[in-house]
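Work through these exercises with the structure in view. Try each task before you read its solution.

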Amino acid sequence: MQKRSVISLIVLVAVLVIINLIAAQIHRRFDLTEDNRYSLTTASKDILQNLDEEVLVTVFLKDNLPAEFKKLASANTDFLSVLRENSNAKLKYNFVSPLQDVTPGRTWADSLQAGGAAPINLTVQIKSGESKTDVYPYAIVQHKNNTQLVNLFASSKRNISVAELNNAEALLEYQFLKAIDQLKNPNKPFVAYSVGNGQPTDAKTYDLQQTISSNYKLFVFDLTKEPVIPDTIKTLVIVKPTESFTDAQKLKIDQYVMRGGKVLWFLDNLNAEQDSLSYTAQLIAYDRALNVQDLLFHYGVRINPDLVMDLQCDFMPFAVGGTAENPQFEFLHWNYYPLFEPRGNHIINKNLGLIAGRFVNSIDTISAPNISKTFLLQSSANSRTISTPALISPNENRNAPQDDLFRQNGVPTAVLLEGNFTSLYRSRLSTAQRDSLQRYGGFVEKTGGKNKMIVVADGDMVLNDVSPKDGPLPMGTNFYTVGSQYEYRFANKDFLLNCLEYLTSNERIIETRNKEIVLRLLDVQKVENEKTKWQAITIALPIILIIIAGVLFQYLRKRKYAR
């Protein structure tokens, strides 16, 4: 009998060892979550399974983290394990403290800041009280001898919201796979910044240039000097022109589009500048007469000569009292600085925070054959438009806005156009113009396939303010609120990058932005109302059941042995 037991034990141990050996070689994970948070797109799997060399991911979410970022660190751990499994173990990852030394006397935090990674300063609860700490929600992806910095949390706000952290989790696949794809394919697309029509080239374009240069090969293209826009340019960016376009310039843009070129427009139809209010009590916004309305109209969009005012807007300091020598300032909402909350109806605006606009025009779409339109930015449900001549005065903020006037909902201010475009000059091209185009391949009447462009009715959206003390500020930062409780970095840069990526890059990569993790929050009011009931169910009820079970057991035991 004892021998049989020993044999059975040996057999059991052998079976367990075999099962573990098989499990170590064959591993399968099933994603049973409703939002597929642990599943990868086909494009991501293709990239991972075709890695030629090892990829190392270093994440800096470790040690002394606030509770919200501990959750983000855990989400990164789970997701990177999914990437490792799909890469045939060619992707490896580790978590490192930013305070750890890279070289003697130099920490990872020093290297991150030198590379442009700004920390988020937060308060952490510790045993002895509260402590300030710098959180670096970044990762470095290394492939061969090249590295790529990944921002795991785009916001820089001190008060971190659950929704923002949820969006950061949803974007993990996009952020990591985009970095890996760029490391595998280091050739950057060409993007041109158009000049020749009064476009800004000063310090206000500093962050714009830095942002584009970090992902693309950027150069300046003068529409007045070059005969055609070369096909090597993947996207032409036109930002806040102040001078009229000639027919020759419009023909160059038109033919560039017909040959498959992409255009990203940031236009101010009206002349309205915040700086002007520093010198005068009021200003009149008037038409710039850019002479591109016929071109855009033909493509299916019209920028209106008006201004969008919105109750959902940024702050500005206004004099509300005091004397001329010592005025008293107060931050008030400035309705001409609308804040756009992306509606997530397209991968360009999905999982983005608020986007700041300044003196924005509205957009109408026009019927154009074979062209689809998608609104990327729209005003809130409490907005209005005012037509030219529009009188703008700080005195408007002396009284609260009349909310009953702000009844328009979803006024479009940015639109994506996609489809088969036809040339504006198809039936109006002169013989001289046609002859001049012969040396560059001839006149093209329509696109050979699907093309796309984006029109944004705000030229300031991708420009940056300049501080006399600190120089150029990050895009999406309001100079007037810096250092105040209203300071906030809006998602303008992310919107710009998403637009460029959709126009120039591999659509399969940007499709990974479609992932959406459902935010399941407890009903705070219901929790408060039913707190006592659930405390009784979760705490008192188990104790009562144990007591009842104990009493019943003793009763049955006494009854059994009393016989």
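Helices and strands here are DSSP runs, numbered from the N terminus; a helix has at least four residues. The model is predicted.

**Exercise 1. State how many helices and strands the chain has, and how much of it is buried.**

Step 1. Count the elements: the chain has 14 helices and 27 strands.
Step 2. Turn to burial. Of the 563 residues, 44% count as buried.

**Exercise 2. Find the largest nonpolar core and the element that gives the most to it.**

Step 1. This core has 37 residues. Those with the most contacts inside it are Ile-253, Trp-265, Leu-417, Met-453 and Val-455.
Step 2. List the elements that give two or more residues. Among them are β11 (233-239), α8 (247-258), β12 (262-266) and β25 (451-456).
Step 3. Pick the top contributor: α8, with five residues.
Step 4. Look around Met-453. Its contacts include Val-257, Trp-265, Leu-417 and Leu-503.

**Exercise 3. Decide whether α8 is largely enclosed or not, and say what follows it.**

Step 1. Check the length. α8 has twelve residues and reaches 16 Å from its first C-alpha to its last, close to the 16 Å expected.
Step 2. Apply the cut-off: buried means under 20% relative accessible area.
Step 3. Ten of the twelve residues of α8 are buried, so the helix is largely enclosed by the rest of the structure. Lys-250, Lys-252 and Asp-254 are among the buried ones.
Step 4. Find the packing partners. The buried residues of α8 pack against β11, β12, α9, α10 (431-438) and β25.
Step 5. Move past the helix. Gly-260 follows α8, and its phi is positive, near 105 degrees.

Conventions
Residues numbered from 1 in each chain as written. Predicted model: local features only at pLDDT ≥ 70, side-chain atom pairs only at ≥ 80, totals over all residues. Heavy atoms only, no water. Core = buried A, V, L, I, M, F, W, Y, C linked by side-chain atoms within 4.5 Å. Buried < 20%, exposed > 50% of the residue type's maximum accessible area, 1.4 Å probe, protein only. Contact = heavy atoms within 4.5 Å. Expected span 1.5 Å × (residues − 1). Lists of a residue's contacts leave out its neighbours within four places in sequence.
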